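Biologist: Could you walk me through this one before I set anything up? I would like to go from the overall picture to the details.

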Amino acid sequence: MAIIQLSETLINQIAAGEVIERPASAAKELIENALDAGATRIEIATAGGGKALLRVSDNGSGMDAADLELAVRRHCTSKISETLEDIRTLGFRGEALPSIGSVARLSIASRRRDSAGGHEIAVAGGKIAHMRPAAANPGTIVEVRDLFFATPARLKFLKTEKAEAGAITEIVKRMAIAFPAVRFVLSGSDRTTLEFPATGDDHLARMAQVLGKEFRDNAIALDAVREEISLTGFAGVPTFNRGNSAHQYAFVNGRPVQDKLILSAIRGAYAETIPSGRHPVAVLSITLDPALVDVNVHPAKSDVRFRDPGLVRGLIVGAIREALARDGSRAATTGASDMLRSFRPGFQPNSQRPQTAWSAEMSPSRPYQPTTGFGERPQASFDGLSMPTARAEPQFSPQPAAPEPNARYPLGAARAQIHANYIVAQTEDGLVIVDQHAAHERLVFEAMRKALHSKRLASQVLLIPEIIDIPEEDCDRLMQHAAELSELGLAIERFGPGAIAVRETPAMLGEVDAHGLIRQLADEIAEWDTASGLSAKLEYVAATMACHGSVRSGRRLRPEEMNALLREMEVTPGSGQCNHGRPTYIELKLSDIERLFGRS
């Protein structure tokens with residue numbers, strides 16, 4: 001079969017398959033062109049999810065007749081000349097407009113600010129119409145109709161109009177976060193109007209417009225530099241999380257990207273702080289020399305390649321973890337709102353009460369024996385306990401802490417323990433409810449993690465070694481990592497083909513369920529060995545051990561123990577959530593309580 005030269009129209013249609021995958025892809029390319037033209041106001045209108053109509057209007061520099069002629073031809077651009085190593089614009093390939101014109105009906109009307117009139121050019125299915133004069137304001141209006149009419153097969157792979165409209169909305173949101181000084185308006189017959197007024201240099205204000213005002217209250221500022229790379233942005237506190245990763249935004253030199261390396265670094269930074277299946281909220285902006293990053297990986301320009309990916313990942317993980325250690329221990333402000341919504345003021349008659357009553361067997365805090373009611377018999381068990389005071393005497397300190405005024409601590413002074421699991425503390429302007437097991441679990445984990453970087457953890461020798469029967473293959477896996485486990489204070493030996501002898505356990509854990517711990521570690525190592533060694537997972541092992549050695553639900557605490565726990569939480573990084581990412585405490589302001597009783 002002879003080799004032939006493909007027609008220009010077919011070449012553009014092939015290119016369109018990579019550049020223009022859906023209406024949102026076209027919207028992204030057109031918005032990037034408007035931003036590169038210096039626009040400060042961009043309006044996007046859609047119909048039929050962008051398939052019937054996509055119009056992007058801007059007040060940028062505009063184009064004259066000669067520029068319009070070249071703009072619809074392939075590989076014609078004003079943004080680069082001879083090299084790809086110094087790309088400082090969003091677009092640079094010169095493929096977007098000819099690709100759109102090859103599969104849709106495209107019209108472009110533009111006028112320069114210093115020109116008396118404008119011009120318009122049209123392309124339909126790859127055929128370019130003659131240039132003609134047009135009345136136009138300074139700037140450019142690009143209108144795309146009947147997307148993929150020239151390649152009907154592509155229409156079958158598009159989603160519903162609502163889904164396609166949602167994808168365009170997501171593109172606009174990402175662009176809006178990246179360029180807070182630009183006003184964006186998104187409207188159309190298939191949606192409600194969405195407007196993002198310009199916020200100038202106030203990036204957090206723009207993020208609040210896009211991510212909601214709650215993000216402002218739950219965001220921690222990031223500002224870090226490593227070698228020639230800088231990282232700025234905001235990371236949400238761990239307890240402010242979402243069910244998917246759609247609320248993670250990354251920008252490289254101002255370009256919105258969805259890079260796997262960056263998303264993986266975000267996950268790593270929040271490891272042990274967010275529950276499985278939940279995702280943090282973060283906005284990261286990376287700035288570096290354009291020569292150190294390749295943005296020409298894919299025609300869509302959403303992927304990038306860094307010259308030193310390890311440096312970038314280390315910068316992201318280190319900056320987020322430092323920020324969380326500095327300010328991430330506070331609980332999300334949404335916790336109090338969720339609590340308020342769960343309250344039902346007033347007494348409910350029996351006919352209106354829920355049919356299914358609370359039970360200890362169904363509680364996530366089991367096992368324990370609940371004490372309910374306020375009668376003499378239920379309350380008799382509290383007779384032996386002294387009333388909590390505001391004195392804070394940490395059990396780990398040889399000298400009692402000096403008493404301070406009542407409730408002056410950030411987490412307040414312990415007032416009661418309810419259901420043998422929750423500590424109620426009074427603060428200066430409200431109250432705090434603490435999950436004692438989750439809080440102590442975090443404290444133990446942080447102590448173990450700190451010790452990991454300094455020396456071998458202290459261990460306690462068991463008078464009689466515990467023998468645990470497990471499958472032979474699990475024994476083999478555990479013994480391969482016996483040295484790493486020993487660093488954590490867990491000394492094990494082989495005891496026959498299908499058993500492990502536990503001779504020492506970490507001293508800080510106290511009494512440990514060795515059987516449950518060894519079996520869980522064996523399961524985790526079986527999974528990790530397929531990817532990376534246990535040495536890279538020591539912190540996760542420490543988290544597992546902390547869970548098995550923490551104050552259990554159902555244990556009655558003395559007042560001084562409750563206050564000691566609160567004081568330790570106040571000085572421990574990440575104490576706002578347990579190792580599984582659940583909140584360790586919820587704060588309720590006095591104003592919220594007064595609102596419950598209709599006093600405000």
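Modeller: What follows goes from the whole chain to one sheet and then to the salt bridges. Please keep in mind that this is a predicted model.

Biologist: How many helices and strands are there in the chain?

Modeller: The chain has 19 helices and 25 strands. Of its 600 residues, 46% count as buried, and the accessible surface comes to about 30,100 Å², with 52% of that belonging to carbon and sulfur atoms.

Biologist: And of the contacts between residues at least 6 apart in sequence, what share joins residues at least 24 apart?

Modeller: That share is 69%.

Biologist: Let's take the open sheet of four strands; what is the strand order?

Modeller: The order is β19-β20-β21-β25, and the pairing is antiparallel. The edges are β19 (413-418) and β25 (585-589), and since each has a single partner strand, one side of each is left without a neighbour in the sheet. Direction ignored, neighbouring strands of this sheet are turned against each other by 20° on average.

Biologist: How many bridges are there between β20 and β21, and what about the other pairs?

Modeller: β20 and β21 are joined by six bridges, while β19 pairs with β20 (residues 422-427) over five bridges, and β21 pairs with β25 over five bridges. β20 and β21 also form a hairpin, with two residues between them.

Biologist: Which residues stand opposite Gly-430?

Modeller: Thr-427 stands opposite Gly-430 of β21, and on the β25 side Gly-430 stands opposite Lys-589. Further along the sheet, Ala-416 has Val-424 in β20 as its bridge partner.

Biologist: Which side chains of β21 are buried and which are not?

Modeller: They alternate along the strand: Gly-430, Val-432 and Val-434 point to one face and are buried, whereas Leu-431, Ile-433 and Asp-435 point to the other face and are not buried. In a regular strand, side chains alternate between the two faces of the sheet.

Biologist: Which helix lies across these strands?

Modeller: Helix α18 (residues 559-570) lies across β19, β20, β21 (430-435) and β25, and it runs at about 120° to β19.

Biologist: Switching to charges, how many salt bridges does a search of the whole structure find?

Modeller: The search finds 24 salt bridges. One of them pairs Glu-143 with Arg-55, with the closest N and O atoms 3.0 Å apart. Glu-143 is in strand β7 (residues 139-145) and Arg-55 in strand β2 (residues 53-58), so this pair ties together parts that are 88 residues apart in sequence. Arg-55 counts as partly exposed, at 26% relative accessibility.

Biologist: What about Asp-64 and Arg-112, where do they lie?

Modeller: Their salt bridge has its closest N and O atoms 3.6 Å apart. Asp-64 lies in the loop between β2 and α3 (65-71) and Arg-112 in the loop between β3 (105-111) and β4 (118-124), so the pair ties together parts 48 residues apart in sequence. Asp-64 is partly exposed at 32%, and Arg-112 is partly exposed at 29%.

Biologist: And Asp-474, is that one buried or exposed?

Modeller: Asp-474 counts as buried, because its relative accessibility is 11% and the cut-off for buried is under 20%. Its salt-bridge partner is Arg-477, at 2.7 Å from N to O, and Arg-477 is partly exposed with a relative accessible area of 25%. Both residues lie in helix α14 (residues 472-480), three residues apart, which is about one turn of the helix.

Biologist: Which residues are linked in a network of salt bridges?

Modeller: Arg-41, Glu-43, Arg-183 and Glu-195 are linked in such a network.

Key:
Residues are numbered from 1 along each chain as its sequence is written. This is a predicted model: local features need pLDDT of at least 70, side-chain atom pairs count only at pLDDT 80 or more; totals for chains, interfaces and linings use all residues. Side-chain values use heavy atoms; hydrogens and water are left out. Two strands pair if DSSP finds at least two bridges between them. Axes are lines fitted to C-alpha atoms, for helices over the stretch in contact, and angles run from 0 to 180 degrees between N-to-C directions. Contact means heavy atoms within 4.5 Å. A salt bridge is a side-chain nitrogen of Lys or Arg within 4 Å of a carboxyl oxygen of Asp or Glu. Buried means under 20% relative accessible area, exposed over 50%, partly exposed in between (1.4 Å probe, protein chains only). Accessible areas come from the Shrake-Rupley method with a 1.4 Å probe; for residues, only the protein chains shown count as cover.
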